[in-house]
Amino acid sequence: MPYQYLLRNVYPRLRVAVCKVNFNVKNFDVEEAKEVIKTRPQNLSLNEMFMVANSYPAGSPEFIEVFEIAVRMYPENDIANMNAAAAAIMRNDLVAAERYLNKVNSKEPECINSLGVIALLKGDYELAEKYLKAAAGSGLDAAKDNLDELAKKKANMAEIEKKKK
């Protein structure tokens, strides 16, 4: 009888083990992160990778490489894909840029602007204008600047056509 009581009332509570684990995640400063990204990029947050990228001159090989690493570590992240697309545009790899932008779920003005830049670089001025006007309508200053570049490009093309005749 005492064993039956223990079996029903005491032993079930003894089988439960509750563990609490506390740990602190180390935040890396930029210099540490520059070293960690070379060997253990999975230990860095996307924000830390962004800080590392911004420590290099824009468009430099190191700058572009960091964004490539970031998109490999965070392939589903919209920001990582938009940054990788911008880096691909800087190195004139329009195919990769489009591939990254197609993974972006939200159509932020920056994404639409990048699609406009790709269309502009491909020579599709109508599509470029559509994208850039949409991005500029959202208040993105870079899109307004790109619209100005598109207007210059169109004027230049018209001048070339005029000289051919």
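**A colleague's note on an all-helix model**

1. Let's start with a single residue: serine 55 lies in the loop between H3 and H4. Please keep in mind that this is a predicted model. Serine 55 has a relative accessibility of 31%, so it counts as partly exposed. If you set aside residues within four places in sequence, its contacts are Val30 and Lys34. Serine 55 and valine 66 are 11 residues apart in sequence, and their C-alpha atoms are 10 Å apart in space.

2. Now to the two helices on either side of that loop. How do H3 and H4 pack? Helix H3 covers residues 46-54 and helix H4 covers residues 61-73; their axes are 8 Å apart and make an angle of about 170°. Angles over 145 degrees count as roughly antiparallel, and H3 and H4 are therefore roughly antiparallel to each other.

3. Which residues make this contact? On the H3 side you will find Leu46, Met49, Phe50, Val52, Ala53 and Asn54, and on the H4 side Phe63, Val66, Phe67, Ile69, Ala70 and Met73. Sorted by class, the contact of H3 with H4 has 11 nonpolar residues, one polar residue and no charged ones. Valine 66, the partner of serine 55 in the distance given above, is among the H4 residues that meet H3.

4. H4 also holds a charged residue that deserves a look. Glutamate 68 lies in helix H4. Is this glutamate buried or exposed? Its relative accessibility is 16%, so glutamate 68 counts as buried. Not counting residues up to four places away in sequence, glutamate 68 touches Ala84, Arg91 and Tyr100.

5. Next, the nonpolar interior. In soluble globular proteins, nonpolar side chains tend to be buried together. Here, the largest nonpolar core has 33 residues, and Leu44, Met49, Tyr100 and Leu101 touch the most other members. The elements that give two or more residues to this core are helix H2 (30-39), H3, H4, helix H5 (78-90), helix H6 (94-102) and helix H7 (109-122). A second, separate core has six residues, including Ala119, Leu120, Tyr125 and Leu132.

6. Some of these names have come up already. Met49, one of the core residues that touch the most other members, is also among the H3 residues that meet H4. Tyr100, another of them, is touched by glutamate 68. As for leucine 101, its contacts, leaving aside neighbours within four places in sequence, are Met82, Ala85, Lys107, Cys111, Ser114, Leu115 and Ile118.

7. One backbone detail to check on your screen: asparagine 92 lies in the loop between H5 and H6. Although asparagine 92 is not a glycine, it has a positive phi of about 65°. With 55% relative accessibility, asparagine 92 counts as exposed.

8. Finally, the chain as a whole. How many helices and strands are there? The chain has nine helices and zero strands. The radius of gyration is 26 Å, whereas a compact globule of 165 residues would be near 15 Å. Along the principal axes, the C-alpha atoms fill a box of roughly 110 × 35 × 25 Å. Of the 165 residues in the chain, 34% are buried. Among contacts with a separation of 6 or more, 37% join residues 24 or more positions apart.

Terms used: Residues are numbered from 1 along each chain as its sequence is written. This is a predicted model: local features need pLDDT of at least 70, side-chain atom pairs count only at pLDDT 80 or more; totals for chains, interfaces and linings use all residues. Side-chain values use heavy atoms; hydrogens and water are left out. Axes are lines fitted to C-alpha atoms, for helices over the stretch in contact, and angles run from 0 to 180 degrees between N-to-C directions. Helices (H or I, at least four residues) and strands (E, at least two) are DSSP runs, numbered from the N terminus. Angles under 35 degrees count as roughly parallel, over 145 as roughly antiparallel, 65 to 115 as roughly perpendicular and the rest as oblique. Contact means heavy atoms within 4.5 Å. Ala, Val, Leu, Ile, Met, Phe, Trp, Tyr, Cys and Pro count as nonpolar, Asp, Glu, Lys and Arg as charged, and the others, Gly among them, as polar. A nonpolar core is a set of buried Ala, Val, Leu, Ile, Met, Phe, Trp, Tyr and Cys residues joined through side-chain atoms within 4.5 Å. Buried means under 20% relative accessible area, exposed over 50%, partly exposed in between (1.4 Å probe, protein chains only). The radius of gyration is taken over C-alpha atoms; the globule rule is 2.2 Å times the number of residues to the power 0.38.
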